Amino acid sequence: MKTYIPPELADRLRAVAEREGLSDSSFVRVMIETVVGSEDGNLPKPTKARREGKVTARLGQEVRQALEREAKTQHVPVSTWASRLLTARVRSAPQPVAGERKIIQAAFRQLRGMATNLNQMATVMNRGVFTGDNYAPTKEELQAMRREVQALRTELAKYAGGRFTFQIGEDASSE
């Protein structure tokens with residue numbers, strides 16, 4: 001189906017479609033389905049990228065190459081890395097990429113499990129019913145292990161914070 005739309009009307013239509021997060025043709029299709037009724041009664045949803053918005057930026061070759069190198073180290077596309085950098089800057093919050101986020105979450109889960117195990121050991125030790133071989137840790141050894149787990153948790157949080165300072169361009173060596 002083809003139709004002629006005067007340029008000024010096309011501009012207005014394009015502006016409304018953009019506000020709705022749709023392409024021109026998708027917006028026209030939604031309007032037609034609204035008027036004639038869609039078969040299933042459901043209007044199509046715009047893609048996630050269109051709903052959330054799109055930003056286009058022109059970068060100098062040197063900046064683009066640096067961005068490509070950083071994205072490659074993170075194993076993500078340049079657009080994903082640029083999005084993470086901008087989002088981190090605007091939200092003032094870390095924006096790890098998917099793989100990194102999973103690793104950080106898994107590490108925090110491991111540390112939580114270690115802390116739980118230490119608490120269980122302390123409970124059994126306090127009851128005097130330690131089982132297994134003839135070794136039972138001392139109170140000082142358990143406290144030392146707790147301090148180590150807390151130090152690991154602090155280092156992991158510092159790592160995530162360091163990723164943030166890198167993302168917003170601050171010099172991490174000045175800490």
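User: Is methionine 125 buried, partly exposed or exposed, and what value goes with that?

Analyst: Welcome! This is a predicted model, and methionine 125 is a good place to start. Buried would need a relative accessible area under 20% and exposed one over 50%. Methionine 125 falls in between and counts as partly exposed, with a relative accessible area of 21%.

User: Where does methionine 125 sit, and how many Å apart in space are methionine 125 and leucine 142?

Analyst: Methionine 125 has its place in helix α6, which covers residues 98-127. Along the sequence, methionine 125 and leucine 142 are 17 residues apart. In space, C-alpha to C-alpha, the separation of methionine 125 and leucine 142 is 9.8 Å.

User: Stepping back, which pattern does the protein chain follow along the sequence?

Analyst: The protein chain has seven helices and zero strands. Reading along the sequence therefore gives helices alone, and the pattern is α-α-α-α-α-α-α.

User: What share of the residues of the protein chain counts as buried?

Analyst: The protein chain has 175 residues. Its accessible surface comes to about 13800 Å², with 54% of that belonging to carbon and sulfur atoms. A residue is buried when its relative accessible area is under 20%, and the share of residues that count as buried is 19%.

User: How are α1 and α2 oriented to each other?

Analyst: Two packed helices are described by the angle between their axes and the distance between the axes. For α1 and α2 the axes lie 9 Å apart, and the packing angle is about 90°. Angles from 65 to 115 degrees count as roughly perpendicular, so α1 and α2 are roughly perpendicular to each other.

User: Which residues in α2 are met by residues in α1?

Analyst: On the α1 side, the residues are Leu13, Arg14, Val16 and Ala17. Their counterparts in α2 are Asp24, Phe27, Val28 and Met31.

User: Which salt bridge links distant parts of the chain, α1 and α2?

Analyst: The structure holds three salt bridges. In one of them, the side chains of aspartate 24 and arginine 14 meet at 3.0 Å, N to O. Aspartate 24 belongs to helix α2 (residues 24-36) and arginine 14 to helix α1, ten residues apart, so the pair linking distant parts of the chain is aspartate 24 and arginine 14.

User: Aspartate 11 and arginine 14 also meet in a salt bridge; about how many helical turns separate them?

Analyst: The side chains of aspartate 11 and arginine 14 meet at 3.2 Å, N to O. Aspartate 11 is partly exposed at 49% relative accessibility, and arginine 14 is partly exposed at 38%. Because aspartate 11 and arginine 14 are three residues apart in helix α1 (residues 7-19), their separation is about one helical turn.

User: And in glutamate 68 and arginine 64, what distance, N to O, goes with the salt bridge?

Analyst: Glutamate 68 and arginine 64 are four residues apart in helix α4 (residues 61-74), so about one helical turn separates them. Glutamate 68 is partly exposed at 34%, as is arginine 64 at 39%. Their side chains meet in a salt bridge with an N to O distance of 2.7 Å.

User: Which residues do salt bridges with shared partners join into one network?

Analyst: Arginine 14 meets aspartate 11 in one salt bridge and aspartate 24 in another. Arginine 14 is therefore a shared partner, and the network consists of Asp11, Arg14 and Asp24.

User: What accessible area do the residues of the nonpolar surface patch have together?

Analyst: The patch is formed by Met1, Ile32, Val35 and Val36. Among them, isoleucine 32 is found in helix α2 and is partly exposed, with a relative accessible area of 41%. Together the patch residues have an accessible area of about 530 Å².

Terms used:
Residues numbered from 1 in each chain as written. Predicted model: local features only at pLDDT ≥ 70, side-chain atom pairs only at ≥ 80, totals over all residues. Heavy atoms only, no water. Salt bridge = Lys/Arg side-chain N within 4 Å of Asp/Glu carboxyl O. Helix = DSSP H or I, 4+ residues; strand = E, 2+ residues; numbered from the N terminus. Buried < 20%, exposed > 50% of the residue type's maximum accessible area, 1.4 Å probe, protein only. Patch = residues over 30% accessible without salt bridge, like charges linked within 9 Å, V, L, I, M, F, W, Y side chains within 5 Å. Areas by Shrake-Rupley, 256 points an atom, 1.4 Å probe, with all protein chains shown as cover. Axes fitted to C-alpha atoms, helices over the stretch in contact; angles between N-to-C directions. Parallel < 35°, antiparallel > 145°, perpendicular 65-115°, else oblique. Contact = heavy atoms within 4.5 Å.
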